[in-house]
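The report below is meant to be read alongside the sequence and the coordinates. It moves from the sheet to the cores, and then to individual residues and charged pairs.

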Amino acid sequence: LKACLLSASPIRRAAALQFTQRNTIRKRYVHDSFREKLVSLGYAKNESVAKGMEDALAVSFGIPREKLQQQPSSADDILSSLGEGGLKALASSVEREIAMNVEDENVFVGTVHIEVPHHNLKFDLKMKQGQNLMQLARDTSEGRELLGEYVECACGGNMSCATCHVYLDGDTFHELGPPCEGEVDMLDLAFEPKETSRLGCQIVMDEDVDGMTVTIPSGVNNFWS
């Protein structure tokens, strides 16, 4: 564009510059308005959470960020498909991820016992307070090495797949409370769901569930592949 502007007449250069400026302003406006929409609808508490949600949506749905910014209809379609429950879950996940990036020596670190019966495998992992099973499997080196292959999380924690489906021990299942309607819908599509089935992206470490046992199912239903 710069080379074209240098070779063009003054009038054409002025027109091209005006077009570029309008296009840049339009992109910025659409980009900001999408984040503002997330905040105004009450899904994001602030700009940082809104940005994290926007990034996660772009990655999860395989949409280039530029398209998400330039085509509000694409963003609206995604928001509609996730529904209120999915958006709230995504916002909570982003908030926890932001909190996890803030170093705190006083943060509680618990233990989760992982059992993989079909591979005759058992191992323990450390899990910070506020961290969910998806983040453990995706964002920590030990979690990626040991747990990553069993907790895929194809949707990125948006509760729009069942690839992080696991079984909990009875005490932990009751301690966490019942899953929301959106999670129940996904669990209905999971591989061999049981009474103690949960999505890993919704299992959050706290002192009350320290020492939880998570069992990996012998199969997975991935409707994203």
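What follows describes a predicted model, beginning with its sheet.

## The sheet and its edges

Five strands form an open sheet in the order 2-1-5-3-4, and the pairing within this sheet is mixed. The edge positions are taken by strand 2 and by strand 4, which spans 197–199; each has a single partner strand, so one side of each is left without a neighbour in the sheet. From one strand to the next, the twist averages 35°.

At one end of this order, strand 1 (residues 109–116) and strand 2 (residues 121–128) pair in the antiparallel sense over eight bridges, and Val112 stands opposite Leu125 of strand 2. The two strands form a hairpin with four residues between them, and in the turn Asn120 has a positive phi of about 50°. Strand 3 (residues 165–168) is likewise paired in the antiparallel sense with strand 4, here over three bridges, and in this pair His165 stands opposite Leu199. As a general point, strands of a sheet pair through backbone hydrogen bonds, either parallel or antiparallel.

## Nonpolar cores

The largest nonpolar core has 32 residues, and those with the most contacts inside it are Ile114, Leu147, Val214 and Ile216. At least two residues of this core come from each of strand 1, strand 2, helix 6 (133–139), strand 3, helix 9 (181–187) and strand 5 (212–215). Among these contributors, helix 6 gives the most, with four residues.

The surroundings of Ile216 can be followed in detail: leaving aside its neighbours within four places in sequence, Ile216 is in contact with Ile114, Glu115, Val116, Pro117, His118, Leu147, Tyr150, Val151 and Val166. Apart from the core to which Ile216 belongs lies another core, of 18 residues, which includes Leu38, Tyr43, Leu87 and Val94.

## Salt bridges

How many salt bridges does a search of the whole structure find? The search finds four, and three of the pairs are taken up here. In general terms, side chains of opposite charge can pair when their charged atoms come close.

Glu95 forms a salt bridge with Lys45, with the closest N and O atoms 3.7 Å apart. Because Glu95 lies in helix 5 (residues 72–100) and Lys45 in the loop between helix 2 and helix 3 (47–60), the pair ties together parts that are 50 residues apart in sequence. Glu95 counts as partly exposed at 24% relative accessibility, whereas Lys45 counts as exposed at 65%. Another salt bridge joins the side chains of Glu183 and Arg198, whose closest N and O atoms are 2.7 Å apart; this pair links distant parts of the chain, with Glu183 in helix 9 and Arg198 in strand 4, 15 residues apart. Both Glu183 and Arg198 are buried. The side chains of Asp139 and Arg138 also meet in a salt bridge, at 2.9 Å from N to O, and here Asp139 is partly exposed at 37% relative accessibility, as is Arg138 at 35%.

## Individual residues

Is Thr172, a residue of helix 8 (residues 170–176), buried or exposed? Thr172 has a relative accessible area of 6%, and it therefore counts as buried, the cut-off being under 20%. The side chain of Thr172 makes a polar contact, at 2.7 Å, with the side chain of Asp169, and beyond residues up to four places away in sequence Thr172 touches Val209 and Met212.

Lys37 is found in helix 2 (residues 10–40) and is partly exposed, with a relative accessible area of 29%. When neighbours within four places in sequence are set aside, Lys37 is in contact with Asp76 and Leu79; Lys37 and Asp76 are 39 residues apart in sequence, and their C-alpha atoms are 10.0 Å apart in space. Glu207 has its place in the loop between strand 4 and strand 5 and counts as exposed, at 53% relative accessibility. The C-alpha atoms of Glu207 and Val109 are separated by 8.3 Å, although the two residues are 98 residues apart along the chain.

Conventions:
Residues are numbered from 1 along each chain as its sequence is written. This is a predicted model: local features need pLDDT of at least 70, side-chain atom pairs count only at pLDDT 80 or more; totals for chains, interfaces and linings use all residues. Side-chain values use heavy atoms; hydrogens and water are left out. Two strands pair if DSSP finds at least two bridges between them. Buried means under 20% relative accessible area, exposed over 50%, partly exposed in between (1.4 Å probe, protein chains only). Contact means heavy atoms within 4.5 Å. A polar contact is a pair of N or O atoms within 3.5 Å; within protein, one must be able to donate a hydrogen and the other to accept it, and residues adjacent in sequence count only if both atoms are side-chain atoms. Axes are lines fitted to C-alpha atoms, for helices over the stretch in contact, and angles run from 0 to 180 degrees between N-to-C directions. A nonpolar core is a set of buried Ala, Val, Leu, Ile, Met, Phe, Trp, Tyr and Cys residues joined through side-chain atoms within 4.5 Å.
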